[in-house]
Amino acid sequence: MEVNRMAWRNQMPQELRDHLVGKLIRAIFPEESDLPQDQVEQMNVIEDAKTIERELFETATNREEYYNLLAEKIYSIQRDIRQSGH
């Protein structure tokens, strides 16, 4: 049963997951000019976004839940940014 329940993960294209990592990065840095200029810091941002995406992907039990978790995370990031005044 567990294998069938998680089969959706095998059908999820890596390109789509990469695209969604980009969405997370744009939620954190809405303007390209907001991105860190330092290459090491940029790589850290990308790795952090990949970690968040991977955790949500591994937590979700189906594609719909995965999308919902991503949407909630993006909303949470944007809300936190607005509240901090940035």
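Axes, as the term is used here, are lines fitted to C-alpha atoms, for helices over the stretch in contact, and angles between them run from 0 to 180 degrees between N-to-C directions. With that convention, the packing of the helices in this predicted model can be followed pair by pair.

The chain holds 4 helices and 0 strands, so that its pattern along the sequence reads α-α-α-α. Along the principal axes, the C-alpha atoms fill a box of roughly 45 × 30 × 15 Å. Of the 86 residues, 27% count as buried. Among contacts in the chain with a separation of 6 or more, 69% are accounted for by residues 24 or more positions apart.

The description begins with helix α2 (residues 14–28) and helix α3 (residues 39–59), whose axes come within 9 Å and cross at roughly 120 degrees. Because of this angle, α2 is oblique to α3. The crossing of the two helices is right-handed. On the α2 side, the contact is made by Arg17, Val21, Leu24 and Ile25. The α3 side contributes Val45, Ile46, Ala49, Lys50, Ile52, Glu53, Arg54 and Phe57. Sorted by class, the residues of this contact comprise 8 nonpolar, no polar and 4 charged.

Two of the charged participants, Arg17 and Glu53, deserve separate attention. Arg17 has its place in helix α2, and Glu53 lies in helix α3. Is Arg17 buried or exposed? Its relative accessibility is 14%, and Arg17 therefore counts as buried, the cut-off for that class being under 20% relative accessible area. Glu53, at 4% relative accessibility, counts as buried for the corresponding reason. The side chains of Glu53 and Arg17 are joined by a polar contact of 2.7 Å.

The surroundings of these two residues can be listed with residues up to four places away in sequence left out of the count. On that basis, Arg17 touches Met12, Glu53, Arg54, Phe57 and Tyr66. Glu53, counted in that way, touches Arg17, Val21, Leu24 and Tyr66. Tyr66 thus appears among the neighbours of Arg17 and also among those of Glu53. Tyr66 belongs to the α4 side of the contact between α2 and α4, which leads to the next pair of helices.

Helix α2 and helix α4 (residues 63–84) pack at an angle of about 20 degrees, with their axes 8 Å apart. This angle makes α2 roughly parallel to α4, because angles under 35 degrees fall in that class. The crossing of α2 and α4 is right-handed. From α2, the residues Leu16, Arg17, Leu20, Lys23, Leu24, Ala27 and Ile28 take part in the contact. They meet Arg63, Tyr66, Tyr67, Leu70, Lys73, Ile74, Ile77, Gln78 and Ile81 of α4. The contact of α2 with α4 divides into 11 nonpolar residues, 1 polar residue and 4 charged residues. Arg17 and Leu24 of α2 are listed in the contact with α3 and in the contact with α4.

The remaining pair to be described is α3 and α4, which pack at an angle of about 145 degrees, with their axes 8 Å apart. Their crossing is right-handed. Here Ile52, Glu53, Leu56, Phe57 and Thr59 in α3 meet Glu65, Tyr66, Leu69, Leu70 and Lys73 in α4. By class, 6 residues of this contact are nonpolar, 1 is polar and 3 are charged. Glu53, which is in the contact of α3 with α2, is also in the contact of α3 with α4. On α4, Tyr66, Leu70 and Lys73 meet residues of α2 as well as residues of α3.

Residues with other degrees of accessibility complete the picture. Glu15 lies in helix α2, as does Arg17. At 62% relative accessibility, Glu15 counts as exposed, whereas Arg17 at 14% counts as buried. Glu15 and Gly85 are 70 residues apart in sequence, and their C-alpha atoms are 33 Å apart in space.

In helix α3 is found Met43, which at 43% relative accessibility counts as partly exposed. Gln78, one of the α4 residues that meet α2, stands 35 residues from Met43 along the chain, and a distance of 21 Å separates the C-alpha atoms of Met43 and Gln78.

Notes: Residues are numbered from 1 along each chain as its sequence is written. This is a predicted model: local features need pLDDT of at least 70, side-chain atom pairs count only at pLDDT 80 or more; totals for chains, interfaces and linings use all residues. Side-chain values use heavy atoms; hydrogens and water are left out. Angles under 35 degrees count as roughly parallel, over 145 as roughly antiparallel, 65 to 115 as roughly perpendicular and the rest as oblique. A crossing is left-handed if the near helix is turned anticlockwise from the far one by less than a right angle, and right-handed if clockwise. Contact means heavy atoms within 4.5 Å. Ala, Val, Leu, Ile, Met, Phe, Trp, Tyr, Cys and Pro count as nonpolar, Asp, Glu, Lys and Arg as charged, and the others, Gly among them, as polar. Buried means under 20% relative accessible area, exposed over 50%, partly exposed in between (1.4 Å probe, protein chains only). A polar contact is a pair of N or O atoms within 3.5 Å; within protein, one must be able to donate a hydrogen and the other to accept it, and residues adjacent in sequence count only if both atoms are side-chain atoms.
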